[in-house]
Structures are given as C-alpha cells and as structure tokens.
Amino acid sequence: MSEIKTTPTMGAEDSPDAIYDARKLGAPKMAVFGLQHMFAMFGATILVPTLTGLSVSATLLFAGLGTLLFHFVSKGKVPAFLGSSFAFIAGYAAIAPNGEADLLPYACLGVACAGLLYLVLSALFRVFGPTRVMRFFPPVVTGPIVISIGLILASSAIGNASTNWLIAIVAIAIIVVANIWGKGMVRIIPILLGVIGAYLVAALTGQVDFTGVAEAAWIGLPFAWGDTAFSLFGASFDAGLAITAIITIMPLAFATMIEHIGDVSAISSTCNRNFIAEPGLHRTLLGDGLATILASLFGAPANTTYGENTGVLALTRVFDPRVIRIAALFAIAFSFCPKFAAVIAAMPACVIGGVSLVLYGMISAVGIRNLVENHVDFMKSRNVLITALILVLSLGIAYSAAGAIVVPMGGITISLSGLAVGSVVGIVLNMVLPGHEYVFGEASEGEAEAEGPLPLEGNLEEFEELEAQKG
C-alpha cells in the first residue's frame, strides 16, 4: 500500500469541484453510472461461474450483497465493487475438476473458511495499527504489485479480443472517442457505451447466439438449496473431503489478501484519498472477508475488490461510493432475472476483451502513478531489485506453462500464483535489504506537509463544511 499523496497536482478537469459537479447530475444519471460499473464487472464476474460450474445468478446476487456489506463495514467511504475472485478457480478445480454439482459445495466450504483468514488479518491491523503493519507494504512493493495485477489480467483481455479483433476495436474506439472528445454524460460513461455499441455491432453481424436468451425465464430464484454449503451437513456428509477442501483452498487466501491491499492502494491512488488510514484496512479486509464467507456459503464464488471497477474510476473521475452501491442494487435485481443473465452470457468474448484491454491497462497505469507520486527513488539499487523481482516473478510464473508454483504437501498440493510469489518475495526483500526507511503516514521525501486528504468521496455538504473550517 502506498502512502497516498494528499495534495496531488490536478488539472482543471480533475479538480474536486469538477468531480462534485459530476455528482450533481441527479438520480437518473447516477443510475447510468451505476449501470456502467455493473457492466464493467460482468465479463470477469460471470466467467468464474462459467469455468467452475457455479450459478451465474447466484454470482450476481452475492456480488451485489457482498458489495453492500463491504460498504456497510467500511462506513460507505470506499468506492469499491466486489466481484468473483479468479484466485480460487484452482481450488474449485482441485475439489470439483469437472464442476460436479455434488462436489462444488465442499469447495465452497473451503472458500468460506479461507474468508476467515481475512478476519484474522483485519484484527492484526486493528490491534497493531496501520503504521506497524504497513511497514511491510511500502510504495516500492505495492506499486509493482498493482502494475502486475493489470498486466496479468491483460492476457485474458487479449485472448477474448482475439476471437474477433474488429468487434474488440469497435469497443476500444467507442471508449476512447467518448472519453477524449465526448461532452457531458457521454464523456463520463465510456465503458457502458463501449459495451452497448460493440454488442450491437456484434449482434448485427451475426456474432451473437440468442438461443439461451429465448429459452430463459423472466423471473427465477438465483440459487438452489442443494448448491449451498449448508446442504452438506446431512447423512451423506463426507468429513474427509471437507477437511481436504479446507486445507487445499485456505492458503489461497494469502494471495487474495495481498491483492486486496494492492487494490485498495490502487483505489486510494485513483481517488487521491488514503483509504488505508480511513476507514482503514482493518475495515476493508473485514468487509471483503465477510462478503467472501457469505457468498461461498450460498454457492457463489469468493468475492474480491475488482480491478475493472478501479479502471472505471480512473477513466470517469466519478468517485462517489453511491454509484457503486447503485451498481450493487442493479446486480441484485438482475440476479432474479434468468433472461437477463442469459443476455449477458450471450455477450461475445470479443466485446469483453475490447473493454477489458482499456480497463486492465488503467490498472497498471495506476500502479505506475503510485510509484511516481510517492517519489520512489530508482537510483537506489534496493528499489530496482525489489521492483524487478516482483514484476518478473509475478508475470513470469503467471505466463508459464503451469501458471503457478506447485508445492506438494503430504497428500495435498498447494498452487501459488505468480502474484502471490512476487508479492511475498517483494515484501521479504524490502524488510531485509538495507535502506528500509518507509514510515506509513509521513510525507514523501521532498514533499511539503499535506494539509489533509481531498474529500473526493462522501457528500457535497461534507466537502463544503471542511472547506469552511479551513477558513
């Protein structure tokens, strides 16, 4: 997590007034912003249940409920959306390799137990405070981690876009044109316009199969009792399989918790607010962990803070957390409509790929900005080594044949993702190499003392009150 600059240099269009003006557009346009965030997370979120065999509708429901729970725990201050985590796909595959309906609840039980580790780390932040814990996560570590998140995701964007580059380029072109030359609302909703425009072109050119849409019902329950972890506890409960699932899947949480810190860092940097200090990582970790536990118990994928939505924040400069909560409500409402889920499922991969290329690139750009704004000195060999190893290990392992480092432990096998390995190596190197001088909360070298964070979240009245107090 980086120390977030509280007095960033901002252009006229990025000033606090410009951002608050965007929020004065009224409820209808705020709803459009929320719809844009929902569509931004759709491609990746529904891909997880598609790959694992979990319910798409349940995924939408608990992405929405998990997001609202996260906002409640984090005092409604962090504009983060929680969607399906890719980190646990290997865990689902280990327990239910072919998406077997009778085995998936055991995997979900393991993921729910993994969510408990979030609560443990949250307690550590609460007891020892961010200053002590964040010594392990200075900008030289978290910046490259954020960069790696975007670059690792980029391969999936390329893979999706390559199914039809023409449609993907249409999506990219719409986003670029809307964001650079658009006026008013057009400039603020480029992602939504890119999705709709590219989807329409794909449909007109015969790239979309609407068979599933025609067959789907209009209204239906998002999940069945037999898909939940609660259904396990009966006469046929396999205690051995449950223990195996828990031991196999729980270690994956170490990677996702580090990713959570990186995501919160990226959101903080994007919004020019220090969310690590307020509302605090103990709250964001607690919210993420509780959301993961809730989703898993009811047969949905684990939740995680979503990089796609961070990309939307960076692109639109609309940081109001209410927009994210509106997106969550949309996700909940649409989870009860199987026909809508079918429409989204019918969206061609090339549309998702084109939009993702922009969003994933924005994530990496935020990581670079993180390093620049915190004045990380790359004239120091230690900083060069730490950054180099994080990037090479994270990307190299992710793009290797295995895609992970496999560690046999007795009768089970643990897979460590490239991001997890790179993050751990970066954290350890930062602590053992000489020159570790970072203190969380202090101004970066060469910076003047900040007067306080820019109020880029909350309501306009709060901002005006703070300005009045400054005199």
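This is a short talk on one bent helix, three helix pairs and two backbone oddities in a predicted model.

Okay, let's start with H5, residues 104–133. If you drew a straight helix of 30 residues at 1.5 Å a residue, you'd expect a span of 44 Å. Here the end C-alpha atoms of H5 span only 35 Å. So where does H5 bend? Have a look at valine 127: the helix bends there by about 80°. And there's a proline following within four residues, namely proline 130.

Staying with H5, let's bring in a partner, helix H11, which covers residues 239–249. The two axes sit 8 Å apart and the packing angle is about 45°. Angles that are neither under 35 degrees, nor over 145, nor in the 65 to 115 window count as oblique, and H5 and H11 are therefore oblique to each other. Their crossing is right-handed. On the H5 side, you'll see Tyr106, Ala107, Leu109, Gly110, Val111, Cys113 and Ala114; they meet Leu241, Ala242, Ala245, Ile246 and Ile249 from H11. By class, that contact comes to 11 nonpolar residues, 1 polar and no charged. If the spacing looks familiar, remember that an α-helix has 3.6 residues a turn, so residues three or four places apart point the same way.

Next pair: H3, residues 56–73, against H15, residues 321–335. Here the angle is about 150° and the axes are 7 Å apart. That puts H3 roughly antiparallel to H15, and this crossing is left-handed. Which residues of H3 make the contact? They're Ser57, Leu60, Leu61, Gly64, Leu65, Thr67, Leu68 and His71. H15 brings a list that includes Pro321, Ile324, Arg325, Ala328 and Phe334. Sorted by class, the H3 and H15 contact holds 11 nonpolar, 5 polar and 1 charged.

Third pair: H6, residues 139–161, with H18, residues 381–398. These pack at about 25°, axes 9 Å apart, which makes H6 roughly parallel to H18. The crossing is right-handed. From H6 we've got Val140, Val141, Pro144, Ile145, Ile147, Ser148, Leu151 and Ile152. Across from them in H18 are residues including Asn383, Ile386, Thr387, Ile390 and Leu391. The tally for H6 with H18 is 12 nonpolar, 4 polar and no charged.

Last bit: the backbone. As background, most residues other than glycine have a negative phi, and most peptide bonds are trans. Now click on the bond from glutamate 278 to proline 279: that one's cis, with omega near 10°. And where is proline 279? You'll find proline 279 in helix H13, residues 276–297. The other one to look at is lysine 75, with a positive phi of about 60° even though it isn't a glycine. Lysine 75 belongs to the loop between H3 and strand S1, 82–84.

That's my tour; happy to rotate the model for anyone.

Terms used: Residues numbered from 1 in each chain as written. Predicted model: local features only at pLDDT ≥ 70, side-chain atom pairs only at ≥ 80, totals over all residues. Heavy atoms only, no water. Helix = DSSP H or I, 4+ residues; strand = E, 2+ residues; numbered from the N terminus. Expected span 1.5 Å × (residues − 1). Bend = angle between axes of the 7 residues up to and from the residue. Axes fitted to C-alpha atoms, helices over the stretch in contact; angles between N-to-C directions. Left-handed = near helix turned anticlockwise from the far one by under 90°. Contact = heavy atoms within 4.5 Å. Nonpolar A, V, L, I, M, F, W, Y, C, P; charged D, E, K, R; others polar.
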